[in-house]
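Work through the exercises below with the sequence and the coordinates open. Try each task before reading its solution.

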Amino acid sequence: MKSEGYILLDIRPEWEREKARVSGSLHVPLFVEDMDNGPLTLLKKWVHFGYIGLWTGQKFTMINPDFVQQVEVKVPDKESKLLVACGEGLRSMMAALKLHEGGYRNLGWLAGGFTRSKDDDFSGVEGPEKLQYATIGGVSYFFLKLIILLQSVGNRGAKTF
């Protein structure tokens, strides 16, 4: 990344970035929490929580209406090389399209996102979690921790011949 002159732009929501982030990366979220409390939005939030939010820990979001303008503040030179990244690669593809429409031309996206990264893919990672697990929340987070615990117990008890 550095040898090619790319700037890493993390577009995940703040609650994912708080768990783990690449040192020195820029942050502008593509999605922000939807704070509308109108009757229709409250109904959508209730359905979202029941089907997705409880399991994944994801909040009800909306597209950041100021996304491109916020990137322009942090990276005013539209000829800069930007590597756009998110948890699994889908949101970063959408962000790259929005940035391209906003005049940025030297764009790349992290295929598969941070969940496909390995421990040594980035020179520094900050936060309490592994970068690969930062998008996991809700009930699925506890299942992940149980699986990791069972794997470590299983590896200790494994015999080699």
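**Exercise 1: The sheet and its helix**

Helix α4, residues 90-101, lies across β1, β6 and β7 and runs at about 145° to β6. The model is a predicted one.

Task: Find the order of the strands in the open sheet, and say which strands stand at the edges.

Solution.
- Step 1. Four strands form the open sheet, in the order β3-β1-β6-β7. The pairing is parallel.
- Step 2. The edges are β3 (26-27) and β7 (107-109). Each has a single partner strand, so one side of each has no neighbour in the sheet.
- Step 3. Take the pairing of β1 with β6. Five bridges join residues 6-10 of β1 to residues 81-85 of β6. Tyr6 has Lys81 as its bridge partner, and Leu8 has Leu83.
- Step 4. Move on to β7. Three bridges join β6 to β7, again in parallel. Leu83 stands opposite Gly108 here.

**Exercise 2: Leu82 in its strand**

Task: Decide whether Leu82 is buried or exposed, and list what Leu82 is in contact with beyond four places in sequence.

Solution.
- Step 1. Place the residue. Leu82 belongs to strand β6. Four of the five residues of β6 are buried, so the strand is mostly covered.
- Step 2. Check the area. The relative accessible area of Leu82 is 0%, so Leu82 is buried. The cut-off for buried is under 20%.
- Step 3. Look along the sequence. Tyr6 is 76 residues away from Leu82, yet their C-alpha atoms are 5.4 Å apart.
- Step 4. List the contacts, leaving aside neighbours within four places. They are Tyr6, Ile7, Val71, Val75, Leu99, Tyr104, Asn106, Leu107 and Gly108.
- Step 5. Widen the view to the protein chain. Take the contacts with a separation of 6 or more: 68% of them are between residues 24 or more positions apart.

**Exercise 3: Two nonpolar cores**

Task: Name the residues that touch the most other members of the largest nonpolar core, and the element that gives the most to this core.

Solution.
- Step 1. Recall the background. Nonpolar side chains tend to be buried together in soluble globular proteins.
- Step 2. The largest nonpolar core has 15 residues. Ile11, Phe67, Val71 and Leu99 touch the most other members.
- Step 3. Sort by element. α3 (67-74), β6 and α4 give two or more residues each to this core. The most come from α3, which gives three residues.
- Step 4. Inspect Phe67. Beyond four places in sequence, Phe67 is in contact with Ile11, Val28, Pro29, Leu30, Ala95, Lys98 and Leu99.
- Step 5. Another core, of ten residues, lies apart from the largest one. Ala20, Leu83, Phe122 and Ala134 are among its members.

**Exercise 4: An aromatic pair**

Task: How many aromatic pairs does a search of the whole structure find? Classify the rings of Phe114 and Phe122 by the angle of their planes.

Solution.
- Step 1. The search finds one aromatic pair.
- Step 2. The ring centres of Phe114 and Phe122 are 5.8 Å apart, and their planes are at 70°. Planes over 60 degrees apart count as edge-to-face, so this pair is edge-to-face.
- Step 3. Check burial. Phe114 has a relative accessible area of 1%, so Phe114 is buried. Phe122 is at 13% and also counts as buried.

**Exercise 5: Arg91 and Glu16**

Task: Which kind of contact joins the side chains of Arg91 and Glu16? Is Glu16 buried or exposed?

Solution.
- Step 1. Locate both residues. Arg91 lies in helix α4. Glu16 is found in helix α1, residues 14-17.
- Step 2. Their side chains are joined by a polar contact of 3.0 Å.
- Step 3. Glu16 has 1% relative accessibility, so Glu16 counts as buried.
- Step 4. Add the surroundings, not counting residues up to four places away. Glu16 touches Gln58, Arg91, Ala134 and Thr135. Arg91 is in contact with Ile11, Arg12, Pro13, Glu16, Leu30, Phe31, Cys86 and Thr135.

**Exercise 6: The whole chain**

Task: How many helices and strands are there in the protein chain, and what pattern do they follow?

Solution.
- Step 1. The protein chain has five helices and eight strands.
- Step 2. Along the sequence the pattern is β-α-β-β-β-α-β-α-β-α-β-β-α.
- Step 3. Of the 161 residues in the protein chain, 37% are buried.

Notes
Residues are numbered from 1 along each chain as its sequence is written. This is a predicted model: local features need pLDDT of at least 70, side-chain atom pairs count only at pLDDT 80 or more; totals for chains, interfaces and linings use all residues. Side-chain values use heavy atoms; hydrogens and water are left out. Two strands pair if DSSP finds at least two bridges between them. Contact means heavy atoms within 4.5 Å. Axes are lines fitted to C-alpha atoms, for helices over the stretch in contact, and angles run from 0 to 180 degrees between N-to-C directions. Buried means under 20% relative accessible area, exposed over 50%, partly exposed in between (1.4 Å probe, protein chains only). Rings of Phe, Tyr and Trp (its six-membered ring) pair if their centres lie within 6.5 Å; planes under 30 degrees apart count as stacked, over 60 as edge-to-face and the rest as tilted. A nonpolar core is a set of buried Ala, Val, Leu, Ile, Met, Phe, Trp, Tyr and Cys residues joined through side-chain atoms within 4.5 Å. A polar contact is a pair of N or O atoms within 3.5 Å; within protein, one must be able to donate a hydrogen and the other to accept it, and residues adjacent in sequence count only if both atoms are side-chain atoms.
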